[in-house]
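Visitor: I am new to this structure and would like a close look at a single part. Please begin with one place in the chain and then lead me outward from there, step by step.

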Amino acid sequence: MIKHKKLFIHTLVALVITAAIFNAAAQTARADDSEFDAIAKHLKSHYNARRVHIPFMGLAHFFVHVVKPAGVKSFKVAIFDNLNFTPGKADTELNTVMRSALSADWQPLARVRSREGEQVYVYAREDGANLKLMIVTIDHDEAVVARVKFSPEKLSEFLNDPKILGIRVGG
């Protein structure tokens, strides 16, 4: 009986610690959520897109928060399908929405539009020693919105010696 109580208490403590870590990860990600959410909401409402559920995303956020692979400190991703997007007017509209959703600190890095209608928008801003990227890609009836915060220094170290948790990545 006493062994079971100890096991229960240890399990309860582990659950409380895990919940606290998940909550801390969620709190740190909320600072940029309004910008990210404004862009995602625009895609959903103006183009009748359906947001796709990504399995195990909570586990991925936890892993990134704890391990910080390649200097990545946080990220958020939204995938949409069934996008009712027609190039032309929508191109300028999306660019306007992104400029109004993102604060003046965000600088455009790239805007690419293919002949087939695919589009990529990349914006960046400094956050202390870190860099944040907001990336939006549209490919006919699909779209992806991603925000990532990373340490350029740690990314450079990773590219020179690609290891995660001391295990070499790749060949």
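**A loop residue and its surroundings**

Guide: N82 counts as partly exposed, because its relative accessibility is 46%, a value that falls between the 20% under which a residue is called buried and the 50% over which it is called exposed. Please keep in mind, as we go on, that this is a predicted model. N82 is found in the loop that lies between strand β2 and helix α4, where β2 covers residues 72-81 and α4 covers residues 89-101. What draws attention to N82 is its backbone, for its phi is positive, at about 55 degrees, although N82 is not a glycine. Most residues other than glycine have a negative phi.

A second residue invites the same kind of look. H140, which is found in the loop between β5 and β6, also has a positive phi, near 55 degrees, and is likewise a residue other than glycine. With a relative accessible area of 41%, H140 is partly exposed, because that value too lies between the limits of 20% and 50%.

The strands on either side of H140 lead us into the sheet. β5 (residues 130-139) and β6 (residues 142-150) pair in the antiparallel sense over nine bridges, and in this pairing K132 stands opposite K149 of β6. Strands of a sheet pair through backbone hydrogen bonds. Both strands belong to an open sheet of six strands with antiparallel pairing, whose order is β1-β2-β6-β5-β4-β3. At its edges are β1 (50-52) and β3 (107-113), each of which pairs on one side only. On average, and with direction ignored, neighbouring strands of this sheet are turned by 15 degrees against each other.

Helix α2 lies across β1, β2, β5 and β6, and runs at about 10 degrees to β2, the strand that comes before the loop of N82. Two residues of α2 let us look at this helix in more detail. F36, which has its place in α2 (residues 33-46), is buried, because its relative accessible area is 0% and the limit for that term is under 20%. Apart from its neighbours within four places in sequence, F36 is in contact with R51, K76, V77, A78, M134, V145, A146 and R147. The C-alpha atom of F36 is also separated by 9.4 Å from that of M98, a residue 62 places away along the chain.

E35 lies in α2 as well, and its contacts beyond four places in sequence are with A101, L102, S103, W106 and M134. E35 is buried yet has no salt bridge, since the nearest side chain of opposite charge, that of R125, is 4.9 Å away, whereas a salt bridge needs the charged atoms to be within 4 Å.

Stepping back from these details, we can set them against the whole protein, which has five helices and eight strands. From the N terminus on, these elements run α-α-β-α-β-α-β-β-β-β-α-β-β. Of the 171 residues in the protein, 32% are buried, and F36 and E35 belong to that buried part. Among contacts between residues at least 6 apart in sequence, 58% join residues at least 24 apart. The protein exposes about 10800 Å², of which carbon and sulfur atoms supply 62%.

Key
Residues are numbered from 1 along each chain as its sequence is written. This is a predicted model: local features need pLDDT of at least 70, side-chain atom pairs count only at pLDDT 80 or more; totals for chains, interfaces and linings use all residues. Side-chain values use heavy atoms; hydrogens and water are left out. Helices (H or I, at least four residues) and strands (E, at least two) are DSSP runs, numbered from the N terminus. Buried means under 20% relative accessible area, exposed over 50%, partly exposed in between (1.4 Å probe, protein chains only). Contact means heavy atoms within 4.5 Å. Lys and Arg count as positive and Asp and Glu as negative; His and the chain ends are not counted. Accessible areas come from the Shrake-Rupley method with a 1.4 Å probe; for residues, only the protein chains shown count as cover. Two strands pair if DSSP finds at least two bridges between them. Axes are lines fitted to C-alpha atoms, for helices over the stretch in contact, and angles run from 0 to 180 degrees between N-to-C directions.
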